[in-house]
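Me: I want the reasoning behind the labels, not just the labels. Take me through it step by step.

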Amino acid sequence: MSGQSHTRSVRLALLAVPVLFLAIASLQTRIDAQTRTIAQQKEELLLRSGPLLKKLSLGYDSLLADIYWTRSVQYYGTRIGSPGEKFELLWPLLDITTTLDPKLMIAYRFGAIFLSEPIPTGADRPDLAVELVKRGVAAIPDDWRMESDLGFLYYWHLKDYAQASATYLDASKKPDAPLWLKIIAAQVAAKGDSFSTSRAIWTELFDTAQNPAVKKNAFQHLQSLQAQQDILELDKYAGDYRKRYGRYPETVKELYQSGLLSGIARDPAGIPYIFGPDGKAQLDPKSPVIIEKPLARSPR
Amino acid sequence: MGTPAIEIEGLTKDYAVGFWRKRMRRSLDNLTLQVEEGEAFGFLGPNGAGKTTTLKLLMSLVFPSAGTARVRGRSIDDVRMHREIGYLPEQPYFYDYLTARELLDYYARFFGYPLAERRQRVTRFLERVGLADAGDVQLRKFSKGMLQRVGIAQAIVHDPQVIFLDEPMSGLDPVGRREVRDIILDLKRQGRTVFFSTHILSDAEMLCDRVAVLLGGKLQGVGAPGEIVSMEVYGMELFFEMRPGFLLPTALAGSATKIGERYRVEVPEVQLYPVLEQLRNCQARILSVAPLRPTLEDYFLKLVARDKADPHPAGEGAR
Amino acid sequence: MSAIPAVVAINTFREAVRDRVLYNLIFFALMMIGASILVGEISIGISRLVIINLGLSAISIFGLVMAIFIGVGLVSKEIEKRTLYTLLSKPVRRWEFLVGKFGGLLLTLTVNTILMTLGLAAALYYVSRNFLRADASVLVAVYFILLELALVTALALFFSCFSSPMLSTLFTLGVYVSGIFSKDIRDIGMLTRNPAMQAAAQVLYYVLPNFHNFNTITAAAHGESIPLSLIWQNTAYAALYVMLVLIAASAVFSGRDLK
């Protein structure tokens, strides 16, 4: 007779288990929603000490580093686009990641960009970015990319051109360093901030980026640089137009029609530039291109 | 006679008991014993008497608190002694993931036989214990009787001269017990020494040249089963049936017991013929007449009763 | 030298196989397959790194669990099941039995580890499409893990000679974790101003089995080469320490009454 009760309990299980799982799953989503609203108010990293975690990992620290790296990427990826987001945990997460595995280059490169980028793209903490990359330079001394990233930080965010140039020079001395590092070092020493230098640096960051977010960010910067350069050029043409016609042009079409330009001036996204009421060239607000960090309009 | 097969001298084992291991319990007290080559020797006693302890001491599974022992002239300390002995522990358990053949083969490997000889021995001894068909069955599927037989096989697969068996008959059905008895007799016929412990006295009486009786860790007596108990007849046992319509003679009414259709009565030897006469007069049918002798069991029960009454009996020696 | 330990070892290996211990490999394989497929999506740019980290960590953890849980049962199971009684009635010395048990578990662990390494190699190939020179350091890392497992097995065996499986597990784990932190324990001792404490800390450092010597998972993941001198030093360290532990175990076990 145990055969009968066995069949009955199997049937009960086949019925009840999926139902219960569904109930549990929907309950879990409720719980997650609940904790998310709480978490949004105050995000917590329970253990912030990298060295402590390294000890606790009992020798599996590089695996734990990979886990924290994944968390860092997810943290950034899910929060980008949230208004007012300051990415406060990005530094602790990357700090832990690089303490657990000091040779995880990709974490340093990620931090170099997104710790230093202004809100809303990053955490707006170039000082922390510098600290992170300096650690990377110490941990991976033979790789030119770490010094190169450090040089970038000095040049782009800290505007310390002397330091930037010196750092790029150091980078150029590392094994397998590409030639352009020396060129950049010289350019920065000579001219400080310039379009061509910036473009070269961002192009290199774009080319060597392994992380899609970093690549995308570099691309946006290149677009921004291009737009700024275009706008400077357009202002000059607008001035010529004014000399000829007594007023600033209202659209780039007018510039084209006047023969001063051989085509309709478009921004890197393909959308035509517009002119503001003061006659200054601008990006169309509808354009996806953003000028994030206007360069000082230094001569040439 | 030559060297005795087994020589035990003053063998003593104390265990520390209690939570703090302060108290000492003496489970074997000063055992001195000799077993000759070719003897079938029974080691008797109730549970807890120290029989298993003695065997474990001989096997060096536990170490003596005092005393020595030698088997075939070699001290029990000497690992080479184990080449010449076989051992079957009480209620044995074997690696249940192995088949019978694999088990025997495993144990045989400890003796360094070349491959062909080892294989041959395994087959031979499987047959010897009647397990030729079950050789490739996993031991976890074996019945108790089959396990016991495998146990004996592993104890003799290397043709040892002295075989130690701890309660070899326990838990077996009558068929199993018969088989084990036959194996022991066979070993004896081959001139080997068999030392086995048991609390089944009828087996001991039937198989053993000599027995030793152990009680409370102390040796109570050693000798041939007949020496330990006198061979004196102390009465006669009668079995008879009454014919329908006849009544039991009044003289016997008090002492006769009815078992089914039969009656049993014990009478002193001198009264045998008068009682037979009485039964003949009422036309009872006589089924059997047999003499009664004291058995090892009686001796045993007397010993146990005496021990209960006075837990520290003085002296040892036969009877 | 007698062949008795080998006889016991082969049987111990056979027991592990029939106990389906090796089925853990299925779980490992599934995990590596899942990881190889997912790793490209989730951890951008470091797929090779993650596969090696995950694979080596899993080999280490699975191996440790096996070494400890089977190790503490090596002796106690035979005593509990009383199969040891029959065994010791044969011409076997107690130390031969212990060495054989140790050898059998080590053999099981070695086979298990080799099979797992093959799985790891397959996953690595799937992710990188070729083998790099740097992958040799992965093999060294695996070898070091095996040395570690040998030492843990010896410790588990030692404890199982005189304590219950539960206590043996705790002791073995305790010694293992202490062995990982032994440098820190010493450093803390050195921080005190007390010369007696400092001396004690130094002594403790040399006494504890320094498991941190064997950890090269990070280096292997980054493809760094591991110096040859470290390889033979670690081998010698493991061999000596294992010998020490087995001798101690024999000493304890040889005098033990088997109830």
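**Contacts, strands and shape**

Reply: Start with chains B and C: 22 residues of chain B are in contact with 20 residues of chain C. On the side of chain B that touches chain C, strand S6 (85-88) and helix H2 (100-108) of chain B each supply at least two residues. That side divides into 16 nonpolar, three polar and three charged residues. Keep in mind that this is a predicted model.

Me: What makes two residues of chains B and C count as in contact?

Reply: Their C-beta atoms, placed from the backbone, lie within 7 Å. The 22 residues of chain B and 20 residues of chain C are in contact, so they meet that cut-off.

Me: Which pair of chains shares the most contacts?

Reply: Chains B and C, of the two pairs in contact.

Me: How do you know that chain A and chain B are not one of those pairs?

Reply: No contact joins them. Their closest C-alpha atoms lie 23 Å apart, whereas a contact needs C-beta atoms within 7 Å.

Me: What does the contact of chain A with chain C take from each chain?

Reply: It takes 17 residues from chain A and 19 residues from chain C. Helix H3 (residues 61-79) of chain A gives the most to the side of chain A, with seven residues. The residues of that side divide into seven nonpolar, five polar and five charged.

Me: Why are S9 and S10 of chain B called paired?

Reply: Pairing needs at least two bridges. Five bridges join strand S9 (residues 210-215) to strand S10 (residues 218-223) of chain B, so the two strands pair. They run antiparallel. Val211(B) stands opposite Gly223(B) in S10(B).

Me: What is found between the strands of that hairpin?

Reply: Two residues. In this hairpin, Gly216(B) takes a positive phi near 55 degrees.

Me: How do you know that chain A departs from a compact globule?

Reply: Set the radii side by side. A compact globule of 300 residues would have a radius of gyration near 19 Å, but chain A has 27 Å. The C-alpha trace of chain A spans about 105 × 45 × 35 Å along its principal axes.

Me: What makes a residue of chain A count as buried?

Reply: It needs 20 or more other C-beta atoms within 10 Å of its own. Of the 300 residues of chain A, 34% count as buried.

Me: Which elements does chain A have?

Reply: Twelve helices and two strands. From the N terminus on, the order is α-α-α-α-α-α-α-α-α-α-α-α-β-β.

Key
Residues numbered from 1 in each chain as written. Chains lettered and ligands numbered in written order. Predicted model: local features only at pLDDT ≥ 70, side-chain atom pairs only at ≥ 80, totals over all residues. Helix = DSSP H or I, 4+ residues; strand = E, 2+ residues; numbered from the N terminus. Nonpolar A, V, L, I, M, F, W, Y, C, P; charged D, E, K, R; others polar. Rg over C-alpha atoms; globule rule 2.2 N^0.38 Å. Buried ≥ 20, exposed ≤ 12 C-beta atoms within 10 Å, placed from the backbone.
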